[in-house]
Amino acid sequence: MKFKNIYLTIFLFSLLFPQEGSILPGQKSAVSSLATSAGFSSNDLNNYLLQNYGVGLTDLSRTQGAEVIKAFQAGNVS
């Protein structure tokens with residue numbers, strides 16, 4: 001029974017804190033779509049990401065992907 005509780009606790013924490021993994025496919029799609037809607041070409045988006053995050057779209061973390069999405073949604077990216 002103790003093992004089951006420990007396993008459940010570890011599993012729940014792993015769901016809560018996976019933010020530093022690679023960007024998710026849905027996030028990539030959202031970033032690309034939002035960038036296109038904002039008038040960015042793929043080259044413009046790549047330059048923006050390199051200047052602000054030091055990596056291209058495929059190398060962003062999940063946290064960075066979320067930040068980029070929020071910035072586009074808020075209209076803070078020009």
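On the other side of helix α4, away from its buried residues, K70, Q73 and A74 are exposed. The buried residues of α4 are G65, V68, I69, A71 and F72. Seen down the axis of α4, these buried residues fall within an arc of 160°, so they line one face of the helix. The cover over the buried residues of α4 includes α2 and α3. The model described here is a predicted one.

**The helix and the chain**

The length of α4 can be checked against expectation. At 1.5 Å a residue, its 13 residues should span 18 Å, and its end C-alpha atoms are 18 Å apart, which agrees. After α4 comes G75, whose phi is positive, near 75°.

The chain as a whole contains four helices and zero strands. Read from the N terminus, its elements run α-α-α-α. The chain has 78 residues, of which 24% count as buried. It exposes about 5500 Å², and carbon and sulfur atoms supply 58% of that area. Among contacts with a separation of 6 or more, 68% are between residues 24 or more positions apart.

**The nonpolar core**

In soluble globular proteins, nonpolar side chains tend to be buried together. In this model, the largest nonpolar core has 15 residues. Those with the most contacts inside this core are F40, L45, Y48, L49, L60, V68 and F72. Helices α2 (25-37), α3 (42-53) and α4 (62-74) each supply at least two residues of the core.

L49 illustrates how such a residue is surrounded. Leaving aside its neighbours within four places in sequence, L49 is in contact with G54, V55, G56, L57, L60 and V68.

**Aromatic pairs**

The structure holds three aromatic pairs. Two of them are set out below.

| Pair | Distance between ring centres | Angle between planes | Arrangement |
|---|---|---|---|
| F40 and Y48 | 6.2 Å | 90° | edge-to-face |
| F40 and F72 | 5.3 Å | 80° | edge-to-face |

The pair of F40 and F72 links distant parts of the chain: F40 lies in the loop between α2 and α3, F72 lies in helix α4, and the two are 32 residues apart. Both F40 and F72 are buried, and Y48 is buried as well. Together, F40, Y48 and F72 form one aromatic cluster.

**Two further buried residues**

L57 is found in the loop between α3 and α4. Its relative accessibility is 17%, and L57 therefore counts as buried, the limit being under 20%. Not counting residues up to four places away in sequence, L57 touches I23, K28, V31, S32 and L49. L57 and L45 are twelve residues apart in sequence, and their C-alpha atoms are 8.2 Å apart in space.

Q27 is found in helix α2. At 13% relative accessibility, Q27 also counts as buried, because the limit is under 20%. Leaving aside neighbours within four places in sequence, Q27 is in contact with R62, G65, A66 and I69. Of these contacts, G65 and I69 are among the buried residues of α4.

Definitions and conventions. Residues numbered from 1 in each chain as written. Predicted model: local features only at pLDDT ≥ 70, side-chain atom pairs only at ≥ 80, totals over all residues. Heavy atoms only, no water. Core = buried A, V, L, I, M, F, W, Y, C linked by side-chain atoms within 4.5 Å. Buried < 20%, exposed > 50% of the residue type's maximum accessible area, 1.4 Å probe, protein only. Contact = heavy atoms within 4.5 Å. Areas by Shrake-Rupley, 256 points an atom, 1.4 Å probe, with all protein chains shown as cover. Phe/Tyr/Trp six-rings, centres within 6.5 Å; stacked < 30°, edge-to-face > 60°. Expected span 1.5 Å × (residues − 1). Arc of directions from axis to C-beta.
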